[in-house]
Amino acid sequence: MGSYISSLTKKPSADKMSSGPPAFKHYAKAQSTFKPPLIANGNAFLGDIFSSEKVAPEAPISCGLYRLEPGVPLDYTYTYHEMKIILEGDFTISDETGQKVHAVAGDVFNFPKGSKIRFETEKGGLAFYTGQRAEGVA
């Protein structure tokens, strides 16, 4: 899995330069400029943009973008908790309980650890996720 983090120019972090408050991080236009790498089936792409793993290794949180293009559905078993918001396009999202949702921009999902999810799309879709996991673990 790729990471936007590694593509950024390395600068000393605020917490190493002073004892003041930590600075926030800004990734301009990530939705339109970050291209997540291919992870499965020739049509599923996912990449972390940020992870707190280095500053909070005991409870890391990672976030990034997930893109699915038309083609083979992606079946995924979550080994961590994740939240996802649909940014563009649409997905059909289903699970083992029989739930099935046609998801569109603005829809928010919670995928609990252990859930088995199927992602499908007819036109393609883009989502932003935040997961309780280390960078690159998905």
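Asn41 is partly exposed, with a relative accessible area of 44%. This residue of the predicted model sits in the loop that runs between strand S2 (38–40) and strand S3 (44–51). Its backbone is worth a look too: the phi of Asn41 is near 60 degrees, a positive value in a residue other than glycine. As background, most residues other than glycine have a negative phi.

Lys29 is another case of this kind. Here phi is positive at about 50 degrees, and again the residue is not a glycine. Lys29 belongs to a loop as well, this one between helix H2 (14–17) and helix H3 (30–33). As for cover, Lys29 has a relative accessible area of 64% and counts as exposed, because the cut-off for that label is over 50%.

Zooming out to the fold, the protein chain contains three helices and ten strands. Their order along the sequence is β-α-α-α-β-β-β-β-β-β-β-β-β; put in words, a strand leads into the three helices, and strands make up the rest of the pattern.

How do the contacts spread along the sequence? Taking contacts between residues at least 6 apart in the protein chain, 67% of them join residues at least 24 apart.

Turning to the surface, the protein chain has 138 residues, and 36% of them are buried. About 8,200 Å² of the chain is exposed, and 57% of that area is supplied by carbon and sulfur atoms.

Note on methods: Residues are numbered from 1 along each chain as its sequence is written. This is a predicted model: local features need pLDDT of at least 70, side-chain atom pairs count only at pLDDT 80 or more; totals for chains, interfaces and linings use all residues. Side-chain values use heavy atoms; hydrogens and water are left out. Helices (H or I, at least four residues) and strands (E, at least two) are DSSP runs, numbered from the N terminus. Buried means under 20% relative accessible area, exposed over 50%, partly exposed in between (1.4 Å probe, protein chains only). Contact means heavy atoms within 4.5 Å. Accessible areas come from the Shrake-Rupley method with a 1.4 Å probe; for residues, only the protein chains shown count as cover.
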